[in-house]
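Trainee: I'm new to this one and would like to know how each label is earned. Can we go through it together?

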Amino acid sequence: MELKVDLFSDTGTRPSREMRKFMAEAEVGDEQLGEDPSVNRLCRMVAEILDKDDAVYLPSGLMANQISYAVHCQKGDEIVMHKTAHPIHFESGAAAVIAGASIKMLDGEGGIFTAEDFEGAIRDNDYHSPQTSVVSIEQTTNLGGGRIWPLERIKEIAEVAAQHGIKMHMDGARMLNAAVAAGVDPADYGQYFDSIWIDLSKGLGAPVGSVLAGSAEFIEKARFWKQRLGGAMRQAGIIAAGGIYALENNIERLAEDHEHARMLAETIKEQPGLDIDLEGVDTNIVLFSVADGRADEFADRLLEEGVRVSRMEGLLRAVTHLDVDRDQIRYAVKTIEKTASQMFA
Ligand SMILES: Cc1ncc(COP(=O)(O)O)c(C=O)c1O
């Protein structure tokens, strides 16, 4: 079977020829000593985009989440997040190990909770309870289906957090997808968060890394954790340059991925045996169900035709990204139509 359209994840994007050329020519230095000009430039760019004092380049998004929690929490504290959030399912229990924190999980449609639910989850100031020190918001929601946290909801949560002295953290793995789709300046999200990061290695197409931004004081503490965890690098400019290239060239084009996701979603909506909440497709992630418990079979049949999707707790998930062009989306659309009619018509 030849893989023709890979909708498995936007983490699979590969650096383009132009990005590789830019990387090959990057100026480099000793990153651990703060002497890598390309890393420093990338961090300045992200701090500026998010309107923060400073930023730090990290090898992964996971490390950005965990360093933030470690800076914000005392051991025994509690972090509030949605029950589908990445740190709960895919970070190997790191918050318990590194920050020494526990997690309070909230419900809410599409990975998004309300300010009331957040307020209800805040612990009393009682020595029997863990103390709530962080609220963590995933923009866009990954397992929630790429949904966008509206700015207004973020503001409401920030108001509650401020009243209780709780730090605001954004897992911005796909925040730029949200910014492009919602037409929101990333700095408008940034203003509400004590720590906020973007991933370079998802829809932006760079091979490695995330950049975590915050106040000068927060970033200084984050650098200690980066060193402590072995996240400091040497001539990292060679990979950071991929991030610079991505920020300069690949942000606005995320809109294409969103258009492609909509094409897939509208096709899925019309097929026998398939169901989807069209309202729930905000960005580049398409979650859909297959009737009669036949999701696995549907995914297998798509794969036989060269279209790869992923499986998620009974649902199927297709993620659009910069390595999938319009012709590939047209092929995926036809393959979905053909497979649905073979199975359900
Ligand atoms: C919402 C979210 N947060 C964090 C991460 C972790 O990012 P990384 O793979 O760069 O560690 C991911 C990765 O898929 C993600 O989807």
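Mentor: Sure. Let's begin with a term: helices (H or I, at least four residues) and strands (E, at least two) are DSSP runs, numbered from the N terminus. With that in hand, T140 sits in the loop between β5 (132-138) and α7 (151-164). Keep in mind that this is a predicted model.

Trainee: What joins Q139 and T140?

Mentor: A cis peptide bond, with omega at about -10°.

Trainee: How many helices and strands does the chain have?

Mentor: There are 14 helices and 13 strands.

Trainee: And what makes the chain as compact as a globular protein of that length?

Mentor: Set two values side by side. The radius of gyration is 21 Å, and the globule rule gives 20 Å for 345 residues; the two are close, so the chain is as compact as a globular protein of that length. Along its principal axes, the C-alpha trace spans about 60 × 55 × 35 Å. Buried residues make up 56% of the 345 residues, where buried means under 20% relative accessible area.

Trainee: Why is D327 called exposed?

Mentor: The cut-off for exposed is over 50%. D327 has a relative accessible area of 52%, so the label exposed fits. R330 is at 45%, between the two cut-offs, and therefore counts as partly exposed.

Trainee: How do you know that D327 forms a salt bridge with R330?

Mentor: The rule asks for a side-chain nitrogen of Lys or Arg within 4 Å of a carboxyl oxygen of Asp or Glu. Here the closest N and O atoms are 2.9 Å apart, so D327 and R330 pass. Both lie in helix α14 (residues 326-344), three residues apart, about one turn of the helix. Elsewhere, salt bridges that share partners join E109, R147 and D282 into one network.

Trainee: What about K269 and D275: why is that called a salt bridge?

Mentor: Their closest N and O atoms are 3.8 Å apart, which is within 4 Å, so the pair counts. K269 is partly exposed, at 41%, and D275 is partly exposed too, at 44%.

Trainee: Which residue meets R294 in a salt bridge?

Mentor: E297 does, at 3.0 Å from N to O. R294 is at 23% relative accessibility, which is not under 20%, so R294 counts as partly exposed rather than buried. E297 is partly exposed as well, at 29%.

Trainee: How many salt bridges does this rule give?

Mentor: The count comes to 26.

Trainee: What makes the patch on the surface negative?

Mentor: E48, D51, D53, D185 and D188 gather there, and Asp and Glu count as negative. E48 is in helix α2 (residues 37-50), and its 67% relative accessible area is over 50%, so E48 is exposed. D51, at 61%, is exposed by that cut-off. D51 lies in the loop between α2 and β2 (54-58).

Trainee: What is the phi of D51?

Mentor: About 55°, a positive value, although D51 is not a glycine. D292 also has a positive phi, about 60°, and is not a glycine. You'll find D292 in the loop between β10 (285-290) and α13 (295-304).

Trainee: Is D292 buried or exposed?

Mentor: Its relative accessible area is 65%, over the 50% cut-off, so D292 is exposed.

How values were computed. Residues are numbered from 1 along each chain as its sequence is written. This is a predicted model: local features need pLDDT of at least 70, side-chain atom pairs count only at pLDDT 80 or more; totals for chains, interfaces and linings use all residues. Side-chain values use heavy atoms; hydrogens and water are left out. Patches are made of residues with over 30% relative accessible area and no salt bridge: like charges are joined within 9 Å, nonpolar side chains (Val, Leu, Ile, Met, Phe, Trp, Tyr) within 5 Å. Accessible areas come from the Shrake-Rupley method with a 1.4 Å probe; for residues, only the protein chains shown count as cover. The place of a charge is taken as NZ of Lys, CZ of Arg, CG of Asp or CD of Glu. Buried means under 20% relative accessible area, exposed over 50%, partly exposed in between (1.4 Å probe, protein chains only). The radius of gyration is taken over C-alpha atoms; the globule rule is 2.2 Å times the number of residues to the power 0.38.
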